[in-house]
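Visitor: Hi, I'm new to this one. Could you show it to me and walk me through it?

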Amino acid sequence: QKREYPNMSAPTPAEKEQGWFSRLASSVASSVGEGLNYLTGVEDPDELKTVDDGSGNVTKKDDADAGGRKAMWSQLKDLVGADIMSKFSIPIFLMEPISVLQKTAENMQYCELLDRACEEEEEFMRLAYVAALAVSVYSSNERTKKPFNPILGETWEMALPEVDGIYVAEQVCHHPPIGASHCETPRWTFDLTSAVRTKFMGNWVDVWPKGRTRIHLKECGDVYNLLPPASRVNNLVVGRLWVDTFGEMRVNNLKTGASAVLTFKECNMFGAGRWEVSGDVLGADGECKLKLKGKWNESMTATKPDGSTGRILWAKNPEPKEGALVEKYGFDNWTLRMNAAKDAPKGLLKSDSRLRPDRMALEKGDDTTAQKMKHVLEEKQRAERRKREANGGEWKPRWFKLAAEADLHELELDVGTAVWEWNGAYNEELAKRTEKGIDNVLETEFDPWEFEDTKDMVIP
């Protein structure tokens with residue numbers, strides 16, 4: 001079959017006005033699209049069996065989602081170079097049974113590292129433990145399925161008895177999607193406003209985390225912020241999906257001026273360098289105080305600048321070996337725990353992510369019902385938005401407030417989103433809910449809706 005190549009004739013007057021760089025970018029995007037059209041134009045999806053798992057070793061393993069990805073490409077091919085977060089509804093075969101609010105809570109999987117930081121008298125070792133927490137988040141980043149986008153007003157809560165705390169998250173904005181979360185213990189607080197920017201490039205998607213992170217150690221008064229690296233989802237259309245994280249991460253002590261500067265090494269085409277991360281803990285004067293090194297899917301070690309006196313700051317917990325969700329999605333014990341009723345507060349809000357019918361159906365392996373219920377929730381959300389706009393109203397979150405004057409470090413002046421802060425109303429409300437709440441929380445019907453008639457709305 002003869003292949004059609006993109007037209008590379010002389011630019012039109014309108015194209016000349018775009019400038020040379022814009023024409024080049026447009027040509028590259030067109031070429032990417034042409035190439036993927038060619039690759040996905042196979043008659044039999046089983047022809048897409050040769051895949052790369054990101055380690056540099058090509059394997060012969062069936063790509064069970066090849067047919068679905070071929071259909072998905074027909075919807076995505078006109079979005080090359082665009083941010084697809086709000087322009088494309090992800091099909092269910094690419095999803096895992098948790099929400100983005102829960103995915104963000106994987107920040108807390110190794111939250112005991114903050115307790116260890118609180119126990120350190122030496123400033124730079126405290127910073128090293130906070131940096132280790134920031135790196136540990138990516139140990140769950142090898143999972144390739146996407147979590148469900150939260151419905152506006154959706155919430156998620158989880159008790160953390162190991163640090164005597166509770167984690168609370170809420171979807172505070174839908175366009176653009178923004179989540180806010182807060183965790184408080186007797187020794188520290190963790191606050192996050194979370195959003196992402198994406199760029200679809202044909203067979204991969206680049207993801208840039210946006211927002212603001214604040215970690216406060218109460219006893220010593222240290223306050224830290226976090227500036228994370230980028231990630232890339234590879235082989236979105238053709239080949240085995242895999243995720244890489246690369247670039248610079250900074251953790252700044254806003255009280256003292258010290259910082260940890262880490263480099264996540266980008267995996268090359270032969271698989272070398274994947275997972276590697278290294279960097280320095282620097283004093284306010286820029287002098288190296290500690291060396292940090294490890295792999296973001298394995299462990300992190302701190303040593304003196306001369307390489308002596310090493311200490312393991314963090315090591316990944318053993319992964320479960322059995323279970324449907326382990327085998328299909330690669331869930332670890334923490335992720336399995338996030339959907340468990342025993343870690344939900346008594347009197348769980350009806351807006352909690354655990355209760356989403358699409359998430360619950362997908363967890364049971366019923367993809368058809370999951371896709372249908374996902375559509376129903378999305379349509380109800382659109383109906384609520386139209387009604388809210390017609391009434392001239394605005395959405396008001398339960399547990400967070402928009403920061404009128406956000407406390408931004410000079411490196412956060414372009415955090416990419418508005419900042420939402422904890423409003424302090426949660427604890428009093430939790431006490432009331434706990435007194436009246438039921439024990440079997442997963443029998444509660446999901447209801448994050450602002451208007452009473454939305455829940456019973458019939459969606460074809």
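Guide: Sure. The mean pLDDT, the predictor's confidence in each residue from 0 to 100, is 83 for the chain, and 80% of the residues score at least 70. Over residues 1-18, pLDDT is below 50, and this stretch has 14 contacts (heavy atoms within 4.5 Å) in the model beyond near neighbours in sequence.

Visitor: Where else does pLDDT stay under 50?

Guide: Over residues 20-62, which have 68 contacts beyond four places in sequence in the model.

Visitor: So how was this made, and what gets counted?

Guide: It's a predicted model: local features need pLDDT of at least 70, side-chain atom pairs need 80 or more, and totals for chains, interfaces and linings use all residues. Residues are numbered from 1 along each chain as its sequence is written, and side-chain values use heavy atoms, leaving out hydrogens and water.

Visitor: How many helices and strands are there?

Guide: The chain has 11 helices and 19 strands, taken as DSSP runs (H or I, at least four residues, for helices; E, at least two, for strands) numbered from the N terminus.

Visitor: New topic: where's Asn141?

Guide: Asn141 sits in the loop between helix H6 (123-136) and strand S4 (146-148).

Visitor: Is Asn141 buried or exposed, and why?

Guide: Asn141 is buried because its relative accessibility is 17%; buried means under 20%, exposed over 50%, and partly exposed in between, with a 1.4 Å probe and protein chains only.

Visitor: What does Asn141 touch?

Guide: Beyond neighbours within four places in sequence, Asn141 contacts Lys103, Ser231, Val243, Thr245 and Trp296.
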